[in-house]
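Please open the model in your viewer and keep the sequence beside it. The tour below moves from one selection to the next and says what is there at each stop.

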Amino acid sequence: MLNKLSASVVQRVLVLLFAISASITQAQIMDPVEWSFRSEPVGNGEFDLYFESTIDEGWHLYGNDIPEGGPIPTTFMFEESSGYELVGDLVEPSNKIVKDDPVFMMELTYFEEKAVFKHRVKLKEKTANIKGELEFMVCDEARCLPPELVSFDFDLKKGDSPASKAANQAKQKQPEKETDDEGSDSNDDGILKPITWEWEMKSLGDNEFELIAHATIEKGWHLYTMDLPEGDGPVATEFTILDSNAVELIGEPQQIGEKVNEYDPNFMMDLSFFKKEATIKQRVKLLKEKADVRAEVYFMTCDDKRCLPPEGIVNKFTLEATAEVEESGKAETSSGSEEKDKRGEKEKDGSLWGIFFLSFLGGFAALLTPCVFPMIPMTVSFFTKQSKTRAKGITNAIIYALFIIAVYTILGFLITWIFGADALNAMSTNEWFNLIFFLLLIIFAVSFLGAFEITLPSSWVNKADQASDRGGLLGIFFMALTLSLVSFSCTGPIIGTLLVDAAVYGGVSGPLVGMFGFSLALALPFALFAAFPGWLNSMPKSGGWLNSVKVVLGFLELGLAFKFLSNADLVLQLGIITREVFIAIWIGVSTMLTLYLLGFIRLPHDSPIEKLSVGRTLLGTLFLMFTIYLIPGMWGAPLKLISGFPPPQFYSESPEGVGKESTVMQSVSDNGAIPEGADPEHCPHNLNCFHDYETGMEYAQEVGKPVMLDFTGWACVNCRKMEEQVWSDPRVLDRLRNDFVLISLYVDERKELPEEERYTSETTGKKVRTVGNKWSDFQASRFGTNSQPYYVVIDHEGNQLIESAAYDPDIEKYINWLDKGKKTFEAEGVKK
C-alpha cells in the first residue's frame with residue numbers, strides 16, 4: 001500500500017515537473033489542442049454530441065479511461081437539466097494508441113493529430129440547452145501542460161429548420177471557381193450573384209505583401225463573418241492561401257467592415273454578418289524570388305428568406321521579391337511570428353534569470369544567519385570523520401548538498417501545485433494578494449528584528465533528527481531535512497520573501513527557479529568545505545555579527561513590504577500610498593538601518609559593539625548615501641535608481657513637484673486644450689493619453705496621427721521603469737507628445753464593466769467583468785501575449801504597422817522604433 005502511494009506521489013510530481021518545465025521554456029501562451037463541438041440528430045428526439053479535438057504535431061491527448069496515479073484523463077462533465085438525459089456511455093475515438101509510458105510507468109491510452117469523442121443524449125422536452133465542461137491534459141515527449149477546462153454549450157431542438165439542414169449539407173465545399181487577375185467572376189444567366197468580389201495586392205516591402213478581397217453586397221443580402229459560433233448555423237466565411245509553400249502567413253486574416261449582430265430567421269439564432277460591403281486582408285511573406293499565389297474566399301450569403309449554397313472564389317496573385325524595407329518602413333508583424341516568440345522567450349528568460357540570481361543571493365544571506373552558519377563546520381566535520389576514506393566523506397557531503405537542493409526545490413513545486421498557474425499570474429495585479437504579501441513581509445521583518453522567532457513544530461524536527469540516524473542515503477536525506485527544519489526561524493522569512501517575489505514576477509516558473517537558486521547557494525558550502533577542509537580554518541567565528549545580518553535583512557524586508565501595499569493602493573486607486581508617502585517610508589527605513597549599522601541604536605539579541613568593523617562602516621555609509629539620494633524625491637526628483645518601485649510621478653500629491661504649478665494645459669496639446677476623453681493627469685509626464693481604445697482611435701483619425709498602444713498595469717514594475725527611465729528622455733517625450741496618439745490600457749484596472757458589456761473571452765474562456773479584464777483579453781486575443789509592458793504601433797484601421805516592443809531600457813533603440821512606426825504610417829498614407 002505504501003509503495004503504491006509513493007508511486008502515485010512520484011507520478012504526480014513528475015506531471016508537475018513537466019508542466020512547470022513547459023512554462024519555463026515557453027514565454028508565449030501554449031495551446032496545442034483546439035476543440036470544436038457539433039451535434040447531429042439521429043431521430044426519435046436523440047442527438048449525437050461530437051467533441052472534436054485537433055492536436056498539434058508532437059503532442060498527444062490522453063483518453064477517458066486512465067488508471068489512478070497517471071495523468072489527468074479527458075473527462076466530460078454535464079450540467080444537470082430536466083430537458084435531456086444521457087444515453088449510454090461516452091464513445092472514445094477509434095484511433096487510440098495504447099503504449100507503456102516511461103514517465104508514468106504504466107500503460108496509457110492517448111490520441112495524436114485528431115480525436116473525436118461522442119456522447120448520445122435524448123431530449124425530454126422540445127428544446128434543451130446542454131452545458132458542461134471537459135477537462136483534459138496534453139503532453140509531448142519532453143513536457144506536459146497543466147490540466148485545462150473547456151466549456152461546451154449545445155442548443156438542441158426536436159426538428160431542424162430547413163436553412164440549418166441546408167447549411168449542414170453545404171459544409172462540404174463546392175467546387176471552387178477561379179477568377180482572373182482582375183478579379184472578375186463568371187456569371188451565368190439566371191444565377192443569383194448578390195456578392196461581387198474585387199481583389200487587390202499591396203507590396204509592403206521586405207518581401208511582404210497584403211492580399212485583399214473586397215466584397216460588394218447587394219441590398220437585402222448579407223455575408224456571414226469569419227467568427228460564427230460552432231453548431232448548426234451557416235458556413236462562416238474563410239480566407240485561405242492555397243499555395244502555402246510559396247509564402248509564410250503573418251498573423252490571422254482580418255475582416256473589416258460594419259459588422260451587424262442580429263437574429264437570423266433562416267437559422268433561428270443570433271448571428272454576425274456584413275451588409276453592403278466587407279473587406280478581408282491577409283499579410284504574407286514571400287519565400288521565393290517569384291511565385292503565383294492563389295487565395296480563396298469561401299463564403300455563404302443569405303437574405304431574410306433564403307440562402308445560397310456556399311461558394312468558393314479563387315484569385316491568382318503574382319508576387320515578386322522586393323528589398324524595400326527601409327523605403328517602405330514595413331517590418332515583420334510580431335503577431336503570430338517566430339520573432340515575437342523568440343523575443344517573448346528572451347524576456348521570460350531574463351525575468352527568470354533575475355529571480356535565480358536574487359534567490360541565490362538570498363541563499364547566501366541565509367548562510368550568514370545564526371541558524372545556519374555554525375552548522376557548516378559541524379556538518380562537514382561529521383562527514384569527513386565518520387567516513388572511512390576522504391573520497392567517501394566528500395561523496396556523502398555532496399549527496400547531502402543535493403538533498404538540500406531537492407528539499408527546497410520540492411517546496412517550489414508545492415507552491416505552484418497548490419496555487420496553479422492562473423493564481424500565480426494574477427498575483428502581481430490582485431489587490432488581495434498584494435495585501436496578504438504586505439502582511440507576510442511585515443511579520444517576517446518583525447521576526448528578524450528580534451520580536452519573536454518563527455519556528456516549526458518541535459515534533460517535526462525530532463522525527464527528522466531520529467530518522468537521520470538510520471545511515472545510508474535515507475539517513476543523509478533526513479539530515480538535510482533536519483537542517484531545513486532547524487534553520488527555519490532564519491531561512492523562513494527569506495524563503496517567504498523570495499517565493500512572494502518569484503510568484504509575482506516569475507509566474508508559474510518563478511517559485512521553482514527561486515527555490516533552486518536559494519538551495520544551491522545554501523548547499524554549495526557543505527560540498528566545497530568537505531572537498532577542501534582546510535578552508536574551515538579561514539572561516540570567521542560565530543558571534544554577534546550573525547544577529548546583525550538578521551536585523552539588516554529585517555529592515556530590507558520592511559521596505560519591500562510597502563511595495564506590495566503600494567501595489568494594492570494603485571490597483572484600487574485609493575490615493576493613500578502616494579509617491580511622497582512611499583518615498584517618506586523608505587527614507588525612514590533607510591535612516592533607521594543607517595543608525596543601526598553605525599551603532600547608534602541596538603535591538604534585542606544584539607551584542608555590545610566596542611568598535612565598528614570596516615565592512616559595517618562601509619555598509620552604513622552606503623545606506624546613508626541612499627537616504628540622502630531619496631530626499632529630493634519628496635520634491636519631485638525622478639529617482640531613476642529605484643524607478644519602478646515607487647508609485648508613478650502622476651500618482652502624487654504634487655505631480656509637478658512641491659511648489660510647482662500644473663503645466664498640463666500647455667504641455668499636452670498643440671492648441672492648449674485637452675481633447676475630449678484624454679486624461680493627462682493620470683498619464684506619465686502629463687502626456688495626452690487615452691484610457692479607452694475606441695475614444696483614442698477616433699481622436700487619432702481626427703488628427704491624422706498613428707496610434708501607440710501601451711498595454712500597462714498599475715502594479716507593473718517594468719512599466720514604471722520604462723516610463724521613468726526611457727519616456728522621460730526629452731527626445732522620446734517629444735515623439736510621444738507630438739507624433740503619436742497614446743492609448744494606455746491598464747490590464748489591472750478594477751472598474752466594473754456595465755452588465756450588458758460583460759462577456760466570456762473566446763481566447764481564455766474566462767469571464768470578462770472589469771475594464772482591466774477587457775484590455776487584457778484584447779491584448780491576448782489580438783496580439784497573442786499577456787505580458788506588460790507591451791507597445792504596439794497601429795494605423796487607424798487597427799492594423800499593426802511594425803514589430804511590437806516590450807521592456808528594454810535602451811533609449812536609442814526605443815527612439816528608432818518610434819521613428820520606424822511613424823515612417824511606416826506616413827508611407828501607408830501615401831500609398832492610399
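Begin by selecting strand β25 together with strand β29 (residues 790–794), which run antiparallel and are joined by five bridges. Strands here, like helices, are DSSP runs numbered from the N terminus (E over at least two residues for a strand, H or I over at least four for a helix), and two strands pair if DSSP finds at least two bridges between them. Within this pairing, Asp710 stands opposite Tyr791 in β29.

This is a predicted model, in which local features need pLDDT of at least 70 and side-chain atom pairs count only at pLDDT 80 or more, while totals for chains, interfaces and linings use all residues. Residues are numbered from 1 along each chain as its sequence is written, and side-chain values use heavy atoms, with hydrogens and water left out.

Staying with β25, add strand β26 (residues 741–746), which pairs with β25 in the parallel sense over six bridges, and look for Thr712, which stands opposite Tyr746 in β26. Strands of a sheet pair through backbone hydrogen bonds, either parallel or antiparallel. Now show the side chains of β25 (residues 707–712): six of its six residues are buried, so the strand is largely enclosed by the rest of the structure. Buried means under 20% relative accessible area, exposed over 50% and partly exposed in between, with a 1.4 Å probe and protein chains only. In a regular strand the side chains alternate between the two faces of the sheet. In β25, Val707, Leu709 and Phe711 are buried on one side, and Met708, Asp710 and Thr712 are buried on the other.

Zoom out for a moment to the whole protein chain, whose secondary structure comes to 20 helices and 29 strands. Of its 832 residues, 50% count as buried. Among contacts with a separation of 6 or more, residues 24 or more positions apart account for 73%, where contact means heavy atoms within 4.5 Å.

Next, go to the open sheet of four strands with the order β1-β2-β8-β5 and antiparallel pairing. β1 (33–43) and β5 (84–91) stand at the edges, each with a single partner strand, so one side of each is left without a neighbour in the sheet. Neighbouring strands of this sheet are turned by 25 degrees against each other on average, direction ignored; the axes behind such angles are lines fitted to C-alpha atoms, for helices over the stretch in contact, and angles run from 0 to 180 degrees between N-to-C directions. Ten bridges join β1 to the antiparallel strand β2 (residues 46–55).

Which residue in β2 does Arg38 stand opposite? The residue to select is Tyr50, and Arg38 also lies over the face of Tyr50, at 4.2 Å from the ring centre. A charge sits over a ring if NZ of Lys or CZ of Arg is within 6 Å of the ring centre and within 35 degrees of the ring normal.

A second open sheet of four strands has the order β13-β14-β20-β17, again with antiparallel pairing. Its edge strands are β13 (195–205) and β17 (247–256), each of which pairs on one side only, and the twist averages 15 degrees from one strand to the next. β13 and strand β14 (residues 208–217) pair over ten bridges, and Gly205 has Glu208 in β14 as its bridge partner.

For aromatic rings, a search of the whole structure finds 33 pairs. Rings of Phe, Tyr and Trp (its six-membered ring) pair if their centres lie within 6.5 Å, with planes under 30 degrees apart counted as stacked, over 60 as edge-to-face and the rest as tilted. Select Tyr224 and Phe273, an edge-to-face pair at 6.1 Å centre to centre with 85 degrees between the planes. This pair links distant parts of the chain, with Tyr224 in strand β15 (residues 222–224) and Phe273 in strand β19 (residues 269–274), 49 residues apart.

Finish at Thr301, which is found in strand β22 (residues 301–302) and is buried, with a relative accessible area of 3%. A polar atom of the Thr301 side chain lies 2.9 Å from the backbone oxygen of His222. Not counting residues up to four places away in sequence, Thr301 touches Pro194, Ile195, Trp221, His222, Cys307 and Leu308.

How values were computed:
Polar contact = N/O pair within 3.5 Å; in protein donor to acceptor, adjacent residues only side chain to side chain.
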